[in-house]
Amino acid sequence: MESENVKSGADLRLKETIRIIMGRRSVRKFEPRQVEPEKTRIILECGFAAPSAKNIRPCHLVLIDDPALLKKIGESTTEARMVTGAPLAIAVCVDAARYERESSADGTWIEDASCAMMNMLLAARTLGLEGVWLQILNRPARDVAISPLLSLPEGVKILAISVLGYPDAEKPPYSGVDEERLHTNGW
Ligand SMILES: Cc1cc2nc3c(=O)[nH]c(=O)nc-3n(C[C@H](O)[C@H](O)[C@H](O)COP(=O)(O)O)c2cc1C
């Protein structure tokens, strides 16, 4: 890690990772342009690089780049319509039944899978892409519509699908802390 001689907050804001985190926004419309395989590969690597409790690494990623399948998912339920028109989607899945049965089961697979989701969304932005988190877990109508399309084995659950592509518009970045929700040394 490089040692820092910090001058001001403004300098720190220019750091690439900080800019990516603050600039990431949900995008639901995409340019009609394919994602290069090299970029897809790196996004997948970032998903698998996510931390997990006890290093159990329970996540499986389902890469969806078949236009016909993307269209089917997009048409399966209203909430998934942004998948139609997206060139890429990655479902973050966990064999939840097996996880509860076999692992030291401290119930953190949702957090583990969420880390993979965020890693991929941030990696996507870093590579000039953008996307959105499509929630599937605890959304029964979507689960029932989408899970069968991915031929998931029994017991495997989708946490969410990262819907990705080249954004058709830029949204403003975030800045500042939410003073009403910031509590120092206790609530
Ligand atoms: C756990 C979680 C679930 C989400 N589920 C959906 C979803 O199902 N569909 C959707 O369009 N956006 C979904 N989003 C994206 C949020 O709507 C979005 O992050 C929020 O409106 C803030 O916008 P921003 O991402 O541009 O900052 C989800 C985000 C999170 C963190």
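The following paragraphs describe the fold, the central sheet, a helix contact and the ligand surroundings of a predicted model.

The chain contains 7 helices and 4 strands. In sequence order these elements follow the pattern α-α-α-β-α-β-α-α-β-α-β. The C-alpha trace spans about 55 × 45 × 35 Å along its principal axes. Of the 187 residues in the chain, 30% are buried. Among contacts between residues at least 6 apart in sequence, 79% join residues at least 24 apart.

The 4 strands form an open sheet in the order β1-β2-β4-β3, and their pairing is antiparallel. Strands β1 and β3 (130–135) occupy the edges, where each has a single partner strand, so one side of each lacks a neighbour in the sheet. On average, neighbouring strands of this sheet are turned by 25° against each other, with direction ignored.

Within this arrangement, strand β2 (residues 88–95) has 8 of its 8 residues buried and is therefore largely enclosed by the rest of the structure. Leu-88, Ile-90, Val-92 and Val-94 point one way from β2, whereas Ala-89, Ala-91, Cys-93 and Asp-95 point the other way; the residues of both sets are all buried. Strand β2 is joined to strand β1 (residues 59–64) by 6 bridges in the antiparallel sense. In this pairing, Leu-63 stands opposite Ile-90 of β2, and Cys-59 stands opposite Val-94 of β2. Strand β2 also runs antiparallel to strand β4 (residues 156–165), to which it is joined by 8 bridges. Here Leu-88 has Leu-164 of β4 as its bridge partner.

The sheet is also covered by a helix. Helix α6 lies across β1, β2, β3 and β4, and runs at about 10° to β4. A further contact of α6 (residues 109–126) involves helix α2 (residues 16–23), the two axes coming within 9 Å and crossing at roughly 110°. Helices α2 and α6 are therefore roughly perpendicular to each other. The α2 side of this contact is provided by Ile-20, Ile-21 and Gly-23, which meet Leu-122, Arg-125 and Thr-126 of α6. By class, the residues of the contact between α2 and α6 comprise 3 nonpolar, 2 polar and 1 charged.

The ligand is surrounded by Arg-25, Ser-26, Arg-28, Glu-79, Val-132, Trp-133, Leu-134 and Gln-135. This shell consists of 3 nonpolar, 2 polar and 3 charged residues. Edge strand β3 (130–135) includes Val-132, Trp-133, Leu-134 and Gln-135 from the ligand shell.

The segment after β4 contains Leu-182. This residue has 7 C-beta neighbours inside 10 Å and therefore counts as exposed. Leu-182 is 17 residues from Gly-165 in sequence, and their C-alpha atoms are 34 Å apart in space. The exposure of Leu-182 stands in contrast to the burial of 8 of the 8 residues in β2.

Note on methods: Residues are numbered from 1 along each chain as its sequence is written. This is a predicted model: local features need pLDDT of at least 70, side-chain atom pairs count only at pLDDT 80 or more; totals for chains, interfaces and linings use all residues. A residue is near a molecule or strand if its C-beta atom, placed from the backbone, lies within 6 Å of it. Ala, Val, Leu, Ile, Met, Phe, Trp, Tyr, Cys and Pro count as nonpolar, Asp, Glu, Lys and Arg as charged, and the others, Gly among them, as polar. Axes are lines fitted to C-alpha atoms, for helices over the stretch in contact, and angles run from 0 to 180 degrees between N-to-C directions. Helices (H or I, at least four residues) and strands (E, at least two) are DSSP runs, numbered from the N terminus. Angles under 35 degrees count as roughly parallel, over 145 as roughly antiparallel, 65 to 115 as roughly perpendicular and the rest as oblique. Two residues are in contact if their C-beta atoms, placed from the backbone, lie within 7 Å. A residue is buried if 20 or more other C-beta atoms lie within 10 Å of its own, exposed if 12 or fewer, and partly exposed in between; C-beta atoms are placed from the backbone. Two strands pair if DSSP finds at least two bridges between them.
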